[in-house]
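Me: I would like a close look at one part of this model, after a brief word on the whole. Please keep the account plain and tie each element to its neighbours.

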Amino acid sequence: MRALIVEDDERLRQIVRRTLTRLNLACDEADSIEAADELLSLHPYDVLVLDRRLPDGDGVQLCRDARARGFANGIVMLTALDDPRSTIEGLGDGADDYVGKPFDVDVLAARVMALLRRNERRPQQLLVAGTLQLDPFKRTATKSGVPIALTAREFRLLETLLRAPDAVVSREDLMEQAWGEREEPMSNTIDVLMARLRRKIDPEVIETVRGLGYRMRSKA
């Protein structure tokens, strides 16, 4: 699963990032509405955590715009403006939760988890390739009905491939999904992870397309 953190305070942004990473969320970061808009147009997110006061505008407007574009997952607003009127305004414009600064990181983690559980209660489509099945919200994977034990990053890689059956997914896209945009793993890390994933599911179902990336065969 993937989160977008929109906060112009670098120190606070890193605190939020560490908190969400502990929940096995890949995190992207933006320090302005403009940067967040671009990321929202590029990636699907499971949760959005945003500041109310941003250098180029009010986070409420970003929240409103995200909902207008069809973003249906959880939005948590972080703000020093935690008076009743501001809270009502934020919730009225599409935020699901409103957390005042300073905040306790464990409370933030609990509230994000509550929103992710809400996502799970929606009817969701399993990702399937032959006898391989993955449930993105229960975070489970099976092969011929037998559970497969995957690490968080292995799960993200498999989910990314299953969302694009028979299509080539570039190494860059896979690294973004598994690590987020800020982190830059060593160049061979993706190959090591992919080899480990193949051993767990089936060496034949993930094809290496030389010079381009990897492809999940839909009839795994």
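What percentage of the contacts in the protein with a separation of 6 or more is accounted for by residues 24 or more positions apart? Then go closely into helix H6 (residues 152-162): which strands does it lie across, and how are the strands around it arranged?

Reply: The model is predicted. Residues 24 or more positions apart make up 59% of the protein's contacts with a separation of 6 or more. The protein has 220 residues, 47% of which count as buried, and its secondary structure comprises eight helices and 14 strands. About 11,000 Å² of the protein is exposed, with carbon and sulfur atoms supplying 51% of that area.

Now to H6. Helix H6 (residues 152-162) lies across strands E8, E9 (132-135) and E10, and runs at about 110 degrees to E9. These strands belong to an open sheet of four, ordered E8-E9-E10-E11 and paired antiparallel. At its edges stand E8 (127-129) and E11 (146-147); each has a single partner strand, so one side of each has no neighbour in the sheet. In general, the strands of a sheet are paired through backbone hydrogen bonds, in either a parallel or an antiparallel sense.

At the E11 end of the order, strand E10 (residues 140-143) is joined to E11 by two bridges, and the strands run antiparallel. One pair can be named: Thr142 has Pro147 of E11 as its bridge partner. Toward the E8 end, the loop between E8 and E9 holds Gly130. Gly130 is partly exposed, at a relative accessible area of 42%. Its C-alpha is 9.6 Å from that of Val205, although the residues are 75 positions apart in sequence.

H6 also has contacts with a sheet of three strands. That open sheet has the order E12-E14-E13, again with antiparallel pairing. Strands E12 (168-170) and E13 (206-209) take the edge positions, each with a single partner strand, so one side of each is left without a neighbour in the sheet. From one strand to the next the twist averages 35 degrees. E13 pairs with strand E14 (residues 213-216) in the antiparallel sense, over four bridges; Val209, for example, has Gly213 in E14 as its bridge partner. H6 packs on this sheet and touches E12, E13 and E14, with its direction at about 70 degrees to that of E14. Helix H8 (residues 189-201) packs on the sheet as well; H8 touches E13 and E14, and its direction makes about 150 degrees with that of E13.

To sum up the part you asked about: H6 lies across E8, E9 and E10, and it packs on the sheet of E12, E13 and E14.

Away from H6, helix H2 (residues 33-42) can be read residue by residue. Its buried residues include Ile33, Ala36, Leu39 and Leu40. They span an arc of only 125 degrees around the axis, so they lie on the same side of H2. The face turned away from that buried side carries Glu34, Glu38, Ser41 and Leu42, which are exposed. Among the elements that the buried residues of H2 pack against are strands E1 (2-6) and E2 (26-30) and helix H3 (59-68).

Key. Residues are numbered from 1 along each chain as its sequence is written. This is a predicted model: local features need pLDDT of at least 70, side-chain atom pairs count only at pLDDT 80 or more; totals for chains, interfaces and linings use all residues. Side-chain values use heavy atoms; hydrogens and water are left out. Two strands pair if DSSP finds at least two bridges between them. Contact means heavy atoms within 4.5 Å. Axes are lines fitted to C-alpha atoms, for helices over the stretch in contact, and angles run from 0 to 180 degrees between N-to-C directions. Buried means under 20% relative accessible area, exposed over 50%, partly exposed in between (1.4 Å probe, protein chains only). Accessible areas come from the Shrake-Rupley method with a 1.4 Å probe; for residues, only the protein chains shown count as cover. The arc is that of the directions from the helix axis to the C-beta atoms.
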